[in-house]
Amino acid sequence: MPMYKVRTFHGAGGAVLAEQLPTCMYHLPSLHSQHPPAASAPPQGVRAVPSPRLLVILSRSRLGAELRGNANKEEVDPSLQALEARQELILKRLYELKSAVDGLSKMTQTPDADIDVTNIIKTNDCSLTASGADLDVMLGKDYGALKDVVINANPSLPPLSLLVLHNLLCERYKILSAVHTHSSVKSVPENLLKCFGEQTKKQPRHKYQLGFTLIWKDVPKPQMKFSVQTMCPIEGEGNIARFLFSLLGQKYNAVTSTVIDSWVDTAIFQLRDGSSKEKGAVLRSMNAALGKAAWLVGSELTVADIVAWSVLQQMGSANAAPANVQKWMKSCENLAPFSSILKLLK
């Protein structure tokens with residue numbers, strides 16, 4: 001069944017047939033011709049409708065003209081001008097201050113990025129008596145900035161070995177020492193606040209070779225940084241003790257270094273954190289080793305002796321140690337770096 005018919009708009013050759021177009025709207029150019037004619041003006045009495053984009057442009061232009069006209073007609077309030085001038089001056093000063101701080105940050109390193117200091121205690125001036133390791137090689141060379149070794153430690157379990165190493169470093173370098181209390185710690189015993197001694201005359205930072213900052217903070221294990229802006233922290237009392245002892249410039253062969261590292265790990269993971277059976281086995285091994293030599297590794301004091309002594313003091317079972325171990329502990333305590341730390345426990 002045929003559908004309704006639609007009139008033909010195209011003739012032969014694709015020509016458009018003339019049709020009677022409505023007169024209610026102005027004519028539009030033909031889209032089929034290669035050279036479309038210019039759009040004809042709308043018939044008289046017919047209003048052209050502009051495009052939405054043109055409406056937006058016209059509205060913005062009209063609004064801007066109205067605002068400019070109002071600004072010219074009405075006088076600006078002097079108090080508003082004064083307020084704007086003051087705001088610009090404050091912003092300028094803030095920008096200058098930011099530039100100055102950025103410049104100082106490139107020359108000086110802060111002790112701790114997240115430090116919230118509530119109690120800054122002491123500064124100890126340690127004299128230089130002997131040459132040690134090359135600090136520029138160990139810590140990196142940084143012109144215009146004092147290298148700070150920053151240690152976070154929990155006052156509930158003070159790392160005595162690190163305090164002993166601080167005293168040993170003071171015999172080799174001129175050290176700027178400081179003790180801080182972090183806001184995460186409610187209270188710190190007075191003896192730990194004075195673990196670096198009484199305050200002496202303070203010199204400019206560039207007069208020192210090394211900065212040693214101890215922060216009593218609520219951390220699960222000691223943490224250390226010497227480049228607080230770029231490095232990840234070194235964690236664990238044994239690992240920090242190894243690093244600090246290396247600053248003393250002591251050199252060992254591969255075998256001796258391995259034995260020292262073994263004693264350090266044994267003291268931390270078995271003597272302090274192990275079971276009672278493991279602790280007894282370590283004490284027996286120490287007693288046997290100290291029966292052959294004055295120190296745990298050979299005839300010289302090493303970081304193994306410092307860490308093991310610290311662990312025994314933390315355990316509070318030094319009196320129950322075997323004979324050779326007790327003799328060795330007395331030899332340690334006869335040294336000034338150990339005896340001064342031992343006073344903190346009394």
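In what follows, Ala, Val, Leu, Ile, Met, Phe, Trp, Tyr, Cys and Pro count as nonpolar, Asp, Glu, Lys and Arg as charged, and the others, Gly among them, as polar. With those classes in hand, here is a look at one pocket and a few helix pairs in what is a predicted model.

Take the second largest pocket to begin with. Its volume comes to about 300 Å³. The lining is made up of 21 residues, and those closest to the centre of the pocket are Lys221, Pro222, Gly236, Glu237 and Arg272. Sorted by class, the lining holds 9 nonpolar, 5 polar and 7 charged residues. Two helices, H6 (237–246) and H7 (254–272), each put at least two residues into this lining. Of the contributors, H7 gives the most, with 5 residues.

H6 and H7 also pack against each other. Their axes come within 10 Å and cross at roughly 155°, which makes H6 roughly antiparallel to H7. The crossing of H6 past H7 is right-handed. On the H6 side the contact involves Glu237, Gly238 and Arg242, while H7 brings in Asp261, Val264, Asp265, Ile268 and Arg272. Charge features heavily in the tally here: 5 charged residues, against 2 nonpolar and 1 polar. Glu237 and Arg272, then, turn up in this helix contact as well as among the residues closest to the centre of the pocket.

H6 has another partner in helix H9 (residues 303–315), and these two pack at an angle of about 145° with their axes 10 Å apart. Once more the crossing is right-handed as H6 passes H9. Glu237, Ala241, Arg242 and Phe245 of H6 meet Val303, Ile306, Val307, Ser310 and Gln314 of H9. By class, this contact has 5 nonpolar, 2 polar and 2 charged residues. Glu237 and Arg242 of H6 thus take part in the contact with H9 and in the one with H7.

Further along the chain, helix H8 (residues 276–290) packs with helix H10 (residues 323–333) at an angle of about 70°, their axes 7 Å apart. An angle from 65 to 115 degrees counts as roughly perpendicular, so that is how H8 and H10 lie to each other. H8 passes H10 in a left-handed crossing. The residues that touch are Leu283, Met286, Asn287 and Leu290 from H8, and Ala323, Asn324, Val325 and Trp328 from H10. No charged residues take part in this contact, which has 6 nonpolar and 2 polar ones.

Terms used
Residues are numbered from 1 along each chain as its sequence is written. This is a predicted model: local features need pLDDT of at least 70, side-chain atom pairs count only at pLDDT 80 or more; totals for chains, interfaces and linings use all residues. Side-chain values use heavy atoms; hydrogens and water are left out. On a 1 Å grid over the protein atoms alone, a cavity is a set of points where a 1.4 Å probe fits but cannot get out, and a pocket is an open set with protein on both sides within 12 Å along at least five of seven lines; lining residues have an atom within 4 Å of a point. Grid points are joined across faces, edges and corners, and a volume is the space filled by probe spheres set on the points. Helices (H or I, at least four residues) and strands (E, at least two) are DSSP runs, numbered from the N terminus. Axes are lines fitted to C-alpha atoms, for helices over the stretch in contact, and angles run from 0 to 180 degrees between N-to-C directions. Angles under 35 degrees count as roughly parallel, over 145 as roughly antiparallel, 65 to 115 as roughly perpendicular and the rest as oblique. A crossing is left-handed if the near helix is turned anticlockwise from the far one by less than a right angle, and right-handed if clockwise. Contact means heavy atoms within 4.5 Å.
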